[in-house]
Amino acid sequence: MRIDIVTLFPAILEAPLGQSILGRARARGLVDIRVHDLREHASGRHRVTDEPPFGGGGGMILKPEPLASAIDALRPAGSEARVILLGPAGRRFSQEVARELAGRAHLILLCGRYEGVDERVSETLADEELSIGDYVLTGGEPAALVVADAVTRLLPGVLGDENAPASDSFARGLLEHPQYTRPEVFRGASVPEVLRSGDHGRIARWRQVMSLWRTWRRRPDLLETADLTPEEQKWTDGFRQGRTPSDFLD
């Protein structure tokens with residue numbers, strides 16, 4: 001997969017893209033992530049990329065021409081590259097959207113800045129707009145990193161454990177179960193006995209119940225669309241009636 005990121009501030013992206021899983025995936029050729037300076041696609045001696053908005057008001061707006069030029073340069077004729085503008089008015093980014101995008105061969109991510117981007121970019125140049133949440137950032141660079149990270153880790157060979165994405169939070173619409181490591185006792189808090197039992201059947205059931213319990217307590221909204229088994233639905237109904245995980249465990 002290839003991911004092109006167009007930004008006014010390439011340095012914000014280069015360091016994190018070279019670290020950890022993303023850095024290793026790039027080095028191994030599992031994903032080709034390139035960062036492009038928007039100013040290189042602006043015309044004129046001063047390479048202007050932003051202008052005051054029509055109608056007045058504070059702040060500056062990114063012009064459509066440099067972004068159009070960048071897209072034209074990165075998406076050859078006939079290419080199926082998907083152009084995504086990162087902004088607050090877009091579709092909410094989720095694990096499901098990440099899986100959808102991971103199935104594509106080429107993504108072009110456009111980072112907004114200042115007071116916004118000329119509306120004609122989203123109307124005529126981008127295939128869609130994505131938002132990573134209901135809050136305001138200084139620019140689209142953090143959002144681009146989120147999308148690139150979430151998509152890259154789903155690509156074949158990127159993670160050491162190929163089954164890891166299937167057990168991630170949100171993989172089935174639920175939060176992941178609690179995790180523990182050594183020491184067995186930390187400041188008076190002990191690792192649950194079942195995880196030290198060596199009984200893989202009990203452990204699997206504990207993790208399944210606790211995943212559902214954690215989702216019920218922290219993100220009950222996810223249960224509205226989660227893909228639950230009949231047994232998990234029974235547990236959920238029990239939680240609604242005031243029952244706890246211990247009622248469903250040995």
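# Exercises on a predicted model

Both F239 and F248 are buried. Keep these two residues in mind, for they return in Exercise 2 below. The structure above is a predicted model, so let us read it step by step.

## Exercise 1: The overall form

Task: Decide how the spread of the protein compares with the globule rule for 250 residues.

Solution. Begin with the inventory: the protein has nine helices and nine strands. Next, take the radius of gyration, which is 23 Å, and set it beside the 18 Å from the globule rule for 250 residues; the value is well over the rule, so the protein is more spread out than a compact globule. Then look at the box: along the principal axes, the C-alpha atoms fill roughly 75 × 45 × 40 Å. Finally, turn to burial and contacts. Of the 250 residues, 43% count as buried. Among contacts between residues at least 6 apart in sequence, 73% join residues at least 24 apart.

## Exercise 2: A group of aromatic rings

Task: Work out which kind of aromatic pair W213 and F239 form, and which parts of the chain the pair ties together.

Solution. A pair of aromatic rings is described by the distance of the centres and the angle of the planes. For W213 and F239, the centres are 4.8 Å apart and the planes stand at 65°. An angle over 60 degrees counts as edge-to-face, so that is what this pair is. Now find the two residues on the chain: W213 belongs to helix 8 (residues 200-218) and F239 to helix 9 (residues 230-240), so the pair ties together parts that are 26 residues apart in sequence. W213 and F239 are both buried.

Go one step further along the group. F239 also pairs edge-to-face with F248, at 5.7 Å centre to centre and with 80° between the planes. To complete the picture, add W235: W213, W235, F239 and F248 form one aromatic cluster.

## Exercise 3: Two residues with few open sides

Task: Is A42 buried or exposed, and which residues does A42 touch beyond four places in sequence?

Solution. First locate A42, in the loop between strand 2 (32-37) and strand 3 (50-51). The cut-off for buried is under 20%; the relative accessibility of A42 is 7%, so A42 counts as buried. Beyond four places in sequence, A42 touches R47, V48, T49 and P66. For a sense of distance, the C-alpha atoms of A42 and G29 are separated by 30 Å, with these positions 13 residues apart along the chain.

Now repeat the steps for H36, which is found in strand 2. Its relative accessibility is 16%, so H36 counts as buried. Leaving aside neighbours within four places, H36 is in contact with D4, I5, V6, T7 and L74.

## Exercise 4: Backbone details

Task: Where do Y114 and R187 lie, and what is the phi of Y114 and of R187?

Solution. Start with Y114, in the loop between strand 6 (106-111) and helix 5 (119-125). The phi of Y114 is near 60°, a positive value in a residue other than glycine. With a relative accessible area of 39%, Y114 is partly exposed.

Move on to R187, in the loop between strand 8 and strand 9 (189-190). R187 is not a glycine either, yet its phi is positive, about 50°. Its relative accessible area is 79%, so R187 is exposed.

One last backbone detail: the peptide bond from R182 to P183 is cis, with omega near 5°. P183 sits in the loop between helix 7 (164-167) and strand 8 (185-186).

Technical notes:
Residues are numbered from 1 along each chain as its sequence is written. This is a predicted model: local features need pLDDT of at least 70, side-chain atom pairs count only at pLDDT 80 or more; totals for chains, interfaces and linings use all residues. Side-chain values use heavy atoms; hydrogens and water are left out. Helices (H or I, at least four residues) and strands (E, at least two) are DSSP runs, numbered from the N terminus. The radius of gyration is taken over C-alpha atoms; the globule rule is 2.2 Å times the number of residues to the power 0.38. Buried means under 20% relative accessible area, exposed over 50%, partly exposed in between (1.4 Å probe, protein chains only). Contact means heavy atoms within 4.5 Å. Rings of Phe, Tyr and Trp (its six-membered ring) pair if their centres lie within 6.5 Å; planes under 30 degrees apart count as stacked, over 60 as edge-to-face and the rest as tilted.
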